[in-house]
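Work through the exercises below with the sequence and the model side by side. Each task is followed by a solution in steps.

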Amino acid sequence: MSATGSASASSTGAVAAVDLGATSGRVMHARVGANTLELTEAARFPNTPVRLWEGSRSALHWDLTGLFSSVLEGLGSLARSEPGLASVGVDAWAVDYGLLRAGRLLGEPYHYRDERTAEGVSLVHARVSPEKLYREGGLQFLPFNSLYQLAHDQETGVLEAADGFLLVPDLITYWLSGQAIAERTNASTTGLLTAEGSWNDALIARLGLRRSLFAPLVDAGATVGSLLPSLDLPFAGTGPAVTAVGSHDTASAVVAVPMDAAGAAYISCGTWGLVGVELEDRVVSDEGRAANFTNEGGVDDRIRYLHNVMGLWLLSESIREWQRRGLHVSLESLLAEAAELPRPSELFDADDPRFLAPGDLPSRIADWFAERGLRAPASPAGMVRVIIESLAEAFAGSVRTASALSGVPVETVHIVGGGARNALLCQATADRSGLPVLAGPVEATALGNALVQARSAGLVSGDLETLRALVARNYAPVRYEPSRVAAA
């Protein structure tokens with residue numbers, strides 16, 4: 001079937017969207033048809049990283065085998081209520097990967113917040129300049145991009161035993177279907193694709209990597225296979241298909257942003273805040289590289305031209321720290337208290353790399369202020385307010401930069417994901433950008449995942465604009481008007 005599905009699609013059916021985030025995962029049950037888009041939660045489970053001792057240091061890893069067990073439990077629960085499921089699709093975060101030998105995982109994947117990644121940067125840049133990397137791949141510099149992690153693994157001998165490399169959602173897809181593929185939207189975050197979207201063989205060779213590690217590329221919407229019978233899930237008949245979706249979670253989220261891409265910016269706001277616009281072609285200017293904007297693959301060959309902002313990680317990790325100190329605080333209560341406080345006159349740089357690693361973020365933020373002779377908020381509620389306003393300022397600045405670099409005249413900002421629930425953040429973003437903010441849907445990633453599956457299965461048809469119109473009819477966003485323009 002073509003990527004746009006059957007033109008006669010009219011029936012309603014069900015698919016399962018497996019959506020794995022940096023702090024939690026979920027299996028979502030979606031019913032989809034030409035005028036139907038319903039999403040319910042079949043299972044939700046935590047995603048808790050683990051520290052494993054590696055001779056001289058404690059390294060941060062993902063508990064991916066534990067996550068997969070939770071995915072299977074969720075699919076099993078869904079099968080009992082929806083035995084005739086048409087398809088299953090998996091999305092997850094970018095850049096991290098599992099290494100395999102003869103189909104067997106060699107160890108739990110490293111977490112992108114593990115400290116080892118910095119060493120890979122110098123290894124890569126000694127062979128290929130950052131300017132050349134940007135011209136060829138169009139990817140922003142992040143010290144944990146896959147090519148830097150792979151360079152470190154090559155240098156330390158970790159790759160010697162491996163004969164396969166699969167990004168996290170592709171690894172889950174492999175365990176579900178037995179088929180090893182590399183879905184193109186997430187592969188675009190590795191830094192190892194050409195402008196045309198194929199593996200960059202010349203770069204792979206220059207970095208000393210083996211080309212045989214990398215699986216065949218497929219587009220979102222491709223049928224990968226069927227669920228393995230050995231998983232023993234109680235689906236009817238031969239069971240559902242396993243479909244490649246926009247396996248980078250942001251690629252799936254952008255599918256479900258109910259926007260007119262010609263005049264809108266989006267913020268996919270969860271652990272990270274991905275701020276950008278949708279384009280037909282890449283922008284690889286020197287100005288874009290200096291601003292650290294990236295060109296990542298989107299569904300249907302669209303380009304996600306965006307900048308990574310630290311996101312709700314700043315809130316969630318701060319709250320974890322306060323709870324570790326014995327304070328009885330919650331996000332809801334702190335947001336309510338923060339909303340009653342005056343807007344702070346001084347903000348911090350939400351993109352400062354010191355905030356990337358886990359740990360005591362409130363103290364790091366306080367240090368940022370102290371280094372500049374400024375006074376940090378003394379209370380948790382005050383700290384939450386300054387985090388919200390600093391994030392909103394970073395979002396607004398990235399929207400302005402995205403518009404200037406891409407030529408898209410942004411008139412509306414869409415916030416999807418968990419940040420769409422945060423009324424204080426949405427209003428602050430409207431105020432500081434001077435633009436209306438449309439918030440929602442919260443579960444944009446799962447919706448986009450489900451829509452790509454449904455189109456592949458023939459339950460819906462049409463281009464992204466048609467799919468977004470279906471989202472808008474079923475999930476009306478909340479509108480926030482700018483009440484004032486934030487002070488510089």
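A cavity is a set of grid points where a 1.4 Å probe fits but cannot get out, and its lining residues have an atom within 4 Å of a point. The model used here is predicted.

**Exercise 1. State how many cavities of 30 Å³ or more there are, and describe the lining of the largest cavity by residue and by class.**

Solution.
- Step 1: The count comes to 1 cavity of 30 Å³ or more.
- Step 2: The space in the largest cavity is about 40 Å³.
- Step 3: Its lining is made by V90, D170, T173, I181, E183, T243, A244, V245 and S247.
- Step 4: Sorted by class, this lining has 4 nonpolar, 3 polar and 2 charged residues.

**Exercise 2. Decide whether the radius of gyration of the protein chain agrees or disagrees with that of a compact globule, and describe the chain as a whole.**

Solution.
- Step 1: A compact globule of 488 residues would have a radius of gyration near 23 Å.
- Step 2: The protein chain has 22 Å, so the value agrees with that of the globule.
- Step 3: The C-alpha trace spans about 65 × 55 × 45 Å along its principal axes.
- Step 4: The chain contains 16 helices and 20 strands, and 59% of its 488 residues count as buried.
- Step 5: Take the contacts between residues at least 6 apart in sequence; 73% of them join residues at least 24 apart.

**Exercise 3. Find the buried residues of helix α3, and work out how they are arranged around its axis.**

Solution.
- Step 1: Helix α3 covers residues 130-137, and its buried residues are L133, Y134 and G137.
- Step 2: Looking down the axis of α3, these buried residues fall within an arc of 95°, so they line one face of the helix.
- Step 3: The partners against which they pack are the helices α2 (117-125), α4 (146-155), α7 (201-206) and α9 (286-290), together with the strands β16 (294-297) and β17 (303-309).
- Step 4: Just after α3 comes G138, with a positive phi of about 70°.

**Exercise 4. Say whether Q149 and H152 are buried or exposed, and list what each one touches.**

Solution.
- Step 1: Helix α4 holds Q149, and H152 is also placed in α4.
- Step 2: A residue is buried when its relative accessible area is under 20%.
- Step 3: Q149 has a relative accessible area of 1%, so Q149 is buried.
- Step 4: H152 has 10% relative accessibility, so H152 counts as buried too.
- Step 5: Leaving out residues up to four places away in sequence, Q149 touches V95, D96, Y97, Y110, Y112, R116, T117 and F144.
- Step 6: With neighbours within four places left aside, H152 is in contact with R116, E119, G120 and L123.
- Step 7: Between Q149 and T190 there are 41 places in sequence, and their C-alpha atoms are 9.5 Å apart in space.

**Exercise 5. Give the volume and the lining of the largest pocket, then do the same for the second largest pocket.**

Solution.
- Step 1: The largest pocket has a volume of about 1,300 Å³.
- Step 2: Its lining consists of 48 residues, and T23, C269, G270, T271 and L312 lie nearest its centre.
- Step 3: Elements that give two or more residues to this lining include β2 (24-33), α8 (249-255) and β14 (264-269). The most comes from α10, with 5 residues.
- Step 4: The lining of the largest pocket divides into 21 nonpolar, 18 polar and 9 charged residues.
- Step 5: The second largest pocket has a volume of about 470 Å³ and is lined by 29 residues, with R184, G197, G297, G298 and D301 nearest its centre.
- Step 6: To this second lining β16 gives the most, with 3 residues.
- Step 7: By class, the lining of the second largest pocket has 9 nonpolar, 10 polar and 10 charged residues.

**Exercise 6. Compare the backbone and the exposure of V95 and D301, then locate the cis peptide bond at P441.**

Solution.
- Step 1: V95 is not a glycine, and its phi is positive, near 70°.
- Step 2: V95 sits in the loop between β6 (87-91) and β7 (97-101). Its relative accessibility is 6%, so V95 counts as buried.
- Step 3: D301 is not a glycine either, and has a positive phi of about 65°.
- Step 4: D301 sits in the loop between β16 and β17. Exposed means over 50% relative accessible area; D301 has 61%, so D301 is exposed.
- Step 5: The cis peptide bond joins G440 and P441, with omega about 5°. P441 belongs to the loop between β19 (437-439) and α15.

Definitions and conventions. Residues numbered from 1 in each chain as written. Predicted model: local features only at pLDDT ≥ 70, side-chain atom pairs only at ≥ 80, totals over all residues. Heavy atoms only, no water. Buried < 20%, exposed > 50% of the residue type's maximum accessible area, 1.4 Å probe, protein only. Helix = DSSP H or I, 4+ residues; strand = E, 2+ residues; numbered from the N terminus. Arc of directions from axis to C-beta. Contact = heavy atoms within 4.5 Å. 1 Å grid on protein atoms, 1.4 Å probe; cavity = no way out; pocket = protein on both sides within 12 Å on 5 of 7 lines; lining within 4 Å. Points joined across faces, edges and corners; volume = space filled by probe spheres on them. Nonpolar A, V, L, I, M, F, W, Y, C, P; charged D, E, K, R; others polar. Rg over C-alpha atoms; globule rule 2.2 N^0.38 Å.
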